[in-house]
Amino acid sequence: MEESKKDKLKIGIYELTGCAGDSLLILDCEKELIDIFKASDIQSFLMAKSDNIDAELDVAFVEGSVSTEKEEKEILNIRKRAKAVVAIGICACFGGIQAAFLNKKDWEENLKKVYGDVKIKHTRPIQSKPIDAYIKVDYYLPGCPIDREQFLSTFNRILRGNPPELYRFPVCVECKWNENDCLINKDIPCLGPVTRAGCGSICINHNLPCVGCWGPVEEANLASEFQLLREKGFDYDFIKKKMANFSGTGMADFLGKLKVEKK
Ligand code: SF4
Ligand code: SF4
């Protein structure tokens, strides 16, 4: 017997600042999309529905970082309405590229470089931050974009009241499963040792180094990665920039301390 609408979990899927790649990936679950809509009560999904409702929710999936005053209000409003919030994608989880350097001076200088003195009327840009800088986040699903199988598994588990399960090991493990030669041994700077697995080491499979787009894995040994790349002859600022690029708040503490140690 099919569940009635009132028995289904009320879901909202939201986009803040980012490339919308995670929402697009959900939309791209073509075979499963009808099942997703049948199994839950999707109240809001801008990319897929025109009748979006700002209602009470069981679960809100949020992609993108908070980069404007309007988005700050939006994320506070989503949190108020949702029993659980899931951050999806690197921007929501760690801030992503737009939060690469959390130093206020850099942010303001960069904004000026790109937009000059243009007055942005509909909202005021603010320093870009992950959503947990503003609200409590219940679950994180990183990726750039998120992985389709992990999203479907997370969605399924949440519908059944279970927390998502993420890989707790780095990209290097997947890289070995795929029998790649290690790029670091060829003096190519790779962030696989400190990056959470889940992408299937797709870049290394194509002979490109990992740039850390899934964010840091738990207990990542950032000091050891930094030292390893230094021993390979890479410049201090190059490594720092590389590690900061995608990780936003994920490596900020470590990189912040390095600044002091450098002197
Ligand atoms: S190539 Fe990168 S991901 Fe693969 S084993 Fe070496 S460091 Fe790890
Ligand atoms: S290998 Fe690294 S950069 Fe490439 S998709 Fe995976 S996490 Fe992202």
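These numbered points walk through a predicted model, from its domains down to single residues.

1. Start with the overall layout. The domain assignment splits the chain in two: domain 1 covers 5-159 and domain 2 covers 171-262. The C-alpha centres of the two domains are 25 Å apart. Where they meet, domain 1 supplies 16 residues to the contact and domain 2 supplies 14 residues. On the domain 1 side, the biggest contributor is helix 4 (residues 89-94), with three residues. That side is made up of 11 nonpolar residues, four polar and one charged.

2. Next, look for the largest nonpolar core. It has 59 residues. The members that touch the most other members are Val59, Ala60, Val62, Ala87, Ile88 and Ile90. The core takes at least three residues from each of domain 1 (5-159) and domain 2 (171-262).

3. Isoleucine 88 deserves a closer look. What does isoleucine 88 contact, leaving aside neighbours within four places in sequence? The partners are Asp22, Phe61, Val62, Glu63, Leu141 and Ile146. Val62 is also on the list of core members with the most contacts to other members.

4. Now turn to ligand 1. There are 13 residues around this ligand. Those that come nearest are Cys172, Cys175, Cys182, Cys190 and Gly192. Helix 7 (residues 171-177) gives the most to the shell, with three residues. By class, the shell has 10 nonpolar residues, three polar and no charged.

5. Ligand 2 has its own set of neighbours. Cysteines in the surroundings of ligand 2 include Cys144, Cys199, Cys203, Cys210 and Cys213. Val171, Ile202, Ile204, Val211 and Trp214 are also there, as are Thr195 and Ser201. Helix 8 (residues 202-205) has the largest share of this shell, with three residues. The shell around ligand 2 counts 10 nonpolar residues, two polar and no charged.

6. Glycine 192 is worth finding in the viewer. This residue is among those that come nearest to ligand 1. Glycine 192 sits in the loop between helix 7 and helix 8. Is glycine 192 buried or exposed? Glycine 192 is buried, because 26 other C-beta atoms lie within 10 Å, and the cut-off for buried is 20 or more. Not counting residues up to four places away in sequence, glycine 192 touches Pro170, Val171, Cys172, Cys175, Ser201, Ile204 and Cys210. Several of these names come from the surroundings of ligand 2, including Val171, Ser201, Ile204 and Cys210. For a sense of scale, the C-alpha atoms of glycine 192 and isoleucine 131 are separated by 25 Å, with their positions 61 residues apart along the chain.

7. Check the backbone at proline 145. The peptide bond from cysteine 144 to proline 145 is cis, with omega near 0°. Proline 145 lies in the loop between strand 7 (139-141) and helix 6 (148-159). Cysteine 144 also belongs to the surroundings of ligand 2.

8. Two residues that are not glycine have positive phi. Aspartate 187 has a phi of about 65°. Aspartate 187 is in the loop between helix 7 and helix 8. Aspartate 187 counts as exposed because 10 other C-beta atoms lie within 10 Å, and the cut-off for exposed is 12 or fewer. The other case is glutamate 219, with phi near 55°. Glutamate 219 is in the loop between helix 8 and helix 9 (222-231). Glutamate 219 is exposed too, with 10 C-beta neighbours inside 10 Å.

9. Helix 10 (residues 236-247) allows a quick length check. At 1.5 Å a residue, its 12 residues should span 16 Å. The end C-alpha atoms are 17 Å apart, so the span agrees. Which residues of helix 10 are buried? They are Ile239, Lys240, Lys242, Met243, Ala244, Phe246 and Ser247. Glycine 248 follows the helix and has a positive phi, near 50°.

10. Finish with phenylalanine 37. This residue is in helix 2 (residues 30-39). With 15 other C-beta atoms within 10 Å, phenylalanine 37 is partly exposed. Its C-alpha atom is 41 Å from that of lysine 241, and the two residues are 204 residues apart along the chain.

Technical notes
Residues are numbered from 1 along each chain as its sequence is written. Chains are lettered from A and ligands numbered from 1 in the order in which they are written. This is a predicted model: local features need pLDDT of at least 70, side-chain atom pairs count only at pLDDT 80 or more; totals for chains, interfaces and linings use all residues. A residue is near a molecule or strand if its C-beta atom, placed from the backbone, lies within 6 Å of it. Helices (H or I, at least four residues) and strands (E, at least two) are DSSP runs, numbered from the N terminus. Ala, Val, Leu, Ile, Met, Phe, Trp, Tyr, Cys and Pro count as nonpolar, Asp, Glu, Lys and Arg as charged, and the others, Gly among them, as polar. Domain bounds come from an automatic or database domain assignment. Two residues are in contact if their C-beta atoms, placed from the backbone, lie within 7 Å. A nonpolar core is a set of buried Ala, Val, Leu, Ile, Met, Phe, Trp, Tyr and Cys residues joined through C-beta atoms within 7 Å. The expected span of a helix is 1.5 Å times one less than its number of residues.
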